[in-house]
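Reader: I'm new to this one, so could you pick a single part and walk me through it slowly? Please explain any terms as you go.

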Amino acid sequence: MELKLRQIESDAFELDVRGNTCPFPQIFTELALKKIDRGRLEVITDNPPSARDLPIVLKRRGYRVESEKEGDHWRIKIWK
Amino acid sequence: MEISIDIGDIGKFVGRYSLGRDNGQNSLHFLRIKVPAGQVDSDRLRKIADLSRRYGRGYAEVTDRQSIQLHWIDSDNALEIFERLYEIGYSTDMCGQAFSGACMGDVRNIVTCPLSGKISEFDVSDLSKKLTDFFTGNPDYLDLPRKFKIAFTGCGGDCVRLGINDVGMYGITHNGERGYVPFVGGSIGASFPGPTLAKSLGIFVPESQAFEFVKAVVEIHRDFSSRESKAKARFKNLVNEWGTEGVREEIERKTGAEYERVNVENPRPAHHNGHGTQIDGLYYYTLPVLGGVLSAEKLEFIADMAEKHGSGEVRLTPEQNVTFVDVADVNALKRDLSRIFEIRESRLRYSSIGCASDFCGKTKEPHAKEIMQKLVDHCEKRGIDDVAIFVSGCRNACGCHHVGQIGLVARAVKTERGVVQGYDLLYGGSFTELKLAKVWKEGLYGEDLIREFEKLLEVIRNGTEAKAD
């Protein structure tokens, strides 16, 4: 399985984890955050439990997180 | 610019493991461990007990699809848990029902006669396990329009609720040959076109062709069931649309086989409660576990007893009980079991089932298992122990209320004092007769529920259900 982090702005990256059930969106987000020194990570998930859990878990780790619904998926923005 | 992320060893878990969403009892996630064919040895049972103790507050429950479900799982521990399951060769349900669309459905634990190979030579568990191996983690079958449920029985009757499965394989011997009469399109959840029991395809599938047959049915679901919406995506909708004739034709086209036509419309009833003799002269004994509720300690104790009194293997049953096999002395086993379990061998305790609505958050108090316990206690106080109560916490019907002799399904009821947890009371369902239950009375709670339950019991005991219709 291939996971790609796409640069969308000079200091922002996007990770599309659609089609993955819980807990993989969380696990992949954590791997992606390790790849980013600083900036914003935007995670796209269509898995409702992950959309619920990701902000909780990431805020617990001290990240600033915003989540918004975009049609059939969520975009979760994380600042590192 | 794109940056590749190496997921390393985690890749082996993708498509094989998932956490389900809980929303009750302060649990956020459950882990539904598939036990292939419901057969588990003492070593694996102890390892699941260890998982329960380390990660799930020592709680465990047997589901009505022969899985073991743990709760209070912290997603931070998921990889450790998956590694432990991977080591013992177990996987989990993929829980794709959380997606809002018609996608990511997987083949659920294949329900299998708990006495497969023990009371008749027809051992259907080999095929059940072979299919489990084939579908688990197989990328071609991980994005079905919706989940797919399979059941196998070979004991001569229906001990697995064939009729509520997408495909239920009823094992028979026909003209001296072993094989199956398939029932298709069962699903009693609320999805379109509503609660539906499977219909016989009226064909005989020889044992040697059954693997290809089931594979073909799953592929037909994958390729032709509606992806328009989640509500329309269960296989029953396609069967309803095509008819059994159309489904049979497509299966025959796909497999290239022409199956012999047979006239089997209903499976025979069967259960494996109490104890009995195996074909090898040893015994089986089924321990009643109301609602399937166990603990790490009890799982370990069951493992110890399975080793002490039998071959070390137990079978989980579709009625949430535990069957010990290869037992030399049933009385000695029961004496030992009674140190931990209160053993009451009645149909009421063996055959009543209840879903985990306390964890999924679909009910407030009284939850499905609580109301089941309350009604069981109520029956026992009145000396009634020959009825079965199936309780679901919602219209998804995990507690199979539609096929219960007595069924209950939760619904919120508005009262002057606010919204309370009520239940609809149903009666007269039968999975072997392929008969859906009828509503006795809706929206009952508190003393009214008990009163109506009493009246229903009276009608059942008098054998006057037909007059009540």
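**A helix and the sheet beside it in the list**

Author: Let's start with B:Glu80 and B:Glu87, which are exposed on the other side of helix 2 of chain B from its buried residues. Exposed means that 12 or fewer other C-beta atoms (placed from the backbone) lie within 10 Å of a residue's own; buried means 20 or more, and partly exposed is in between. Helices (H or I, at least four residues) and strands (E, at least two) are DSSP runs, numbered from the N terminus. This is a predicted model, where local features need pLDDT of at least 70 and side-chain atom pairs count only at pLDDT 80 or more, while totals for chains, interfaces and linings use all residues. Residues are numbered from 1 along each chain as its sequence is written, and chains are lettered from A and ligands numbered from 1 in the order in which they are written.

Now for the buried part of helix 2 of chain B (residues 78–87): B:Ala78, B:Ile81, B:Phe82 and B:Leu85. Looking down the axis of helix 2 of chain B, you'd find these buried residues within an arc of 100°, so they line one face of the helix. That arc is taken from the directions from the helix axis to the C-beta atoms. Their cover includes strand 3 (27–33) and helix 1 (42–55) of chain B, with contact meaning C-beta atoms, placed from the backbone, within 7 Å. After helix 2 of chain B comes B:Gly89, with a positive phi near 80°.

Strand 3 also turns up in an open sheet of five strands in chain B, ordered 2-3-6-5-16 with antiparallel pairing. Pairing takes at least two DSSP bridges between two strands. Strand 2 (20–24) and strand 16 of chain B are at the edges with a single partner strand each, so one side of each has no neighbour in the sheet.

Within that sheet, B:Glu61 is a handy landmark: its bridge partner in strand 16 of chain B is B:Val293, and in strand 6 of chain B it stands opposite B:Gln69. Three bridges join strand 5 (residues 59–62) to strand 16 (residues 293–295) of chain B, and two join strand 5 to strand 6 (residues 68–70) of chain B.

Terms used:
Two residues are in contact if their C-beta atoms, placed from the backbone, lie within 7 Å.
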